[in-house]
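Me: I am new to this structure and should like to be guided through its pockets, cavities and surface. May I put some questions in turn?

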Amino acid sequence: MVSYDKAIESYKNAIATAASIAASLMLVRGVVNELVPPEVRDMLFSRLGYLRWHTSSQHTIIIEQRTDGLSNNHIYSAVKTYLATRISTAGQQHLRVSSTDENEKMLVSMVEGGEMVDVFDGAMFKWCFISREIAIRNDPSNNSDGGQQEVRSFEVSFHKRHKEKALKSYLPFIVSTAKAIKDQEKSLQIYMNQYPDTWSPVDLRHPSTFDTLAMDQKLKQSIIDDLDRFIKRKDYYKRIGKAWKRGYLLYGPPGTGKSSLIAAMAIHLRFNIYDLDLAEVQSNSDLRRLLIGMSNQSIIVAEDIDCSIEMKQREGHKLQSAKEKEEEKVTLSGLLNFVDGLWSASGEGRIIIFTTNYKERLDQALLRPGRMDMHIHMGYCTPESFQILASNYHSINYHVTYPEIEELIKMVMVTPAEVAEVLMRNDDTDVALQDLIDLLKSKMKQGGEKKDGSSGEEK
């Protein structure tokens, strides 16, 4: 009983002490507010806040949605994109799921007050999503009555010893990762030039990829390796004093997959395509303006280049009359400057592709290294490309007719487009392959002879 009474007495004393301390603090606060000037009072509170922050082991970085109330903060967007890939559905009790279009994938994000932990380079970073309402001040100049404005931000907390890592490594890593994610998910576009020097875009919906492209595997891999090497060498090109660009010449008979290869390259790199119709360009100056209007890291395509411009040899050609000069649109000299002159350095990361059915018709000045760096021969169908087409159109890896078809393909000039058209005629695999055999035999009876397969050569 005695010990119980002592406990009660001790509790009463503790309550009295706490009340006394609270009363004293209120008294001190009142005295400070009454006697201390506001400037001094703000300085004291600021010093106390600094002392509390300085002694804390945790630091926090606040990333607001808007930088000045109006402009979007691109770091905020990058954090939102990055964290969406790190959210664990098992660890989050509440998630926000949204979609801007029925064909778009669902976007998963944190709800207000949501928290999650991310580990980077051995350091732990705790993220929190904050959303709050703030009052908008009245603005007599535009008769604004004020109101509430939602302010969103991400806060990341970490041990103070990781401050340098957070600012110089972690946040830059988030920004670069988010950019890679958006580049991979962005909708690609193909632009066409319109009179006189403007571009008009539409969505690029071509389904061709390197996996579905019917061509020699070694050649295909050499193109992929060349593209990957090019895209990683921005600093290298700058160091050696060359414009960051690369040229490809695709040549071969019609129907051998030149357009499909261009689409596969664009999808592989996530580059937009600019389809340059030289017949619609009025002059060399318009061509330069079109070049300036293209975005960086894009693919410029001029198909059937031998038909788009009169490829005259620069030496020994006759003098042109004033009327001929007036009627002339784009000259070979203007085209060369477009490809490899001073104006070609007006953008970065550009790939220039020319296609032709007749390589021998092109001026040699257009084909030299630095203009067309890699010459890719798009040849007739081979046994390997046939197998890819059969897999694409009928989802098969082998059929009893393969040996006969492959022997015929070695002897007959048939394009991948012709093979694909036959394979698409019938959903019945047996019937489609027999139709292909009939086509190949018919071509062989006409005296066709198979040329050499596709080959790539780097100049």
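Reply: Certainly. This is a predicted model, and its second largest pocket has a volume of about 390 Å³.

Me: Which residues are the closest to the centre of that second largest pocket?

Reply: The lining of this pocket comprises 20 residues. Helix 7 (258-269), helix 13 (383-394) and helix 15 (416-424) are the elements that each give two or more residues to it. Closest to the centre of the pocket are Leu 213, Gly 257, Ser 260, Leu 389 and Tyr 393.

Me: How many charged residues does the lining of the second largest pocket have?

Reply: The lining divides into three classes, with 10 nonpolar and 9 polar residues among them. The number of charged residues is 1.

Me: What is the volume of the second largest cavity?

Reply: The search of the whole structure finds 2 cavities of 30 Å³ or more. The second largest cavity is lined by Lys 245, Leu 291, Ile 300, Phe 338, Ser 344, Arg 350 and Ile 352. By class, that lining has 4 nonpolar, 1 polar and 2 charged residues. The volume of this cavity is about 30 Å³.

Me: Is Val 119 buried or exposed?

Reply: Val 119 lies in strand 4, which covers residues 115-120. Together with Val 117 and Met 124, Val 119 makes a nonpolar surface patch of about 300 Å². The cut-off for an exposed residue is over 50% relative accessible area. Because its relative accessibility is 56%, Val 119 counts as exposed.

Key
Residues numbered from 1 in each chain as written. Predicted model: local features only at pLDDT ≥ 70, side-chain atom pairs only at ≥ 80, totals over all residues. Heavy atoms only, no water. 1 Å grid on protein atoms, 1.4 Å probe; cavity = no way out; pocket = protein on both sides within 12 Å on 5 of 7 lines; lining within 4 Å. Points joined across faces, edges and corners; volume = space filled by probe spheres on them. Nonpolar A, V, L, I, M, F, W, Y, C, P; charged D, E, K, R; others polar. Patch = residues over 30% accessible without salt bridge, like charges linked within 9 Å, V, L, I, M, F, W, Y side chains within 5 Å. Areas by Shrake-Rupley, 256 points an atom, 1.4 Å probe, with all protein chains shown as cover. Salt bridge = Lys/Arg side-chain N within 4 Å of Asp/Glu carboxyl O. Helix = DSSP H or I, 4+ residues; strand = E, 2+ residues; numbered from the N terminus. Buried < 20%, exposed > 50% of the residue type's maximum accessible area, 1.4 Å probe, protein only.
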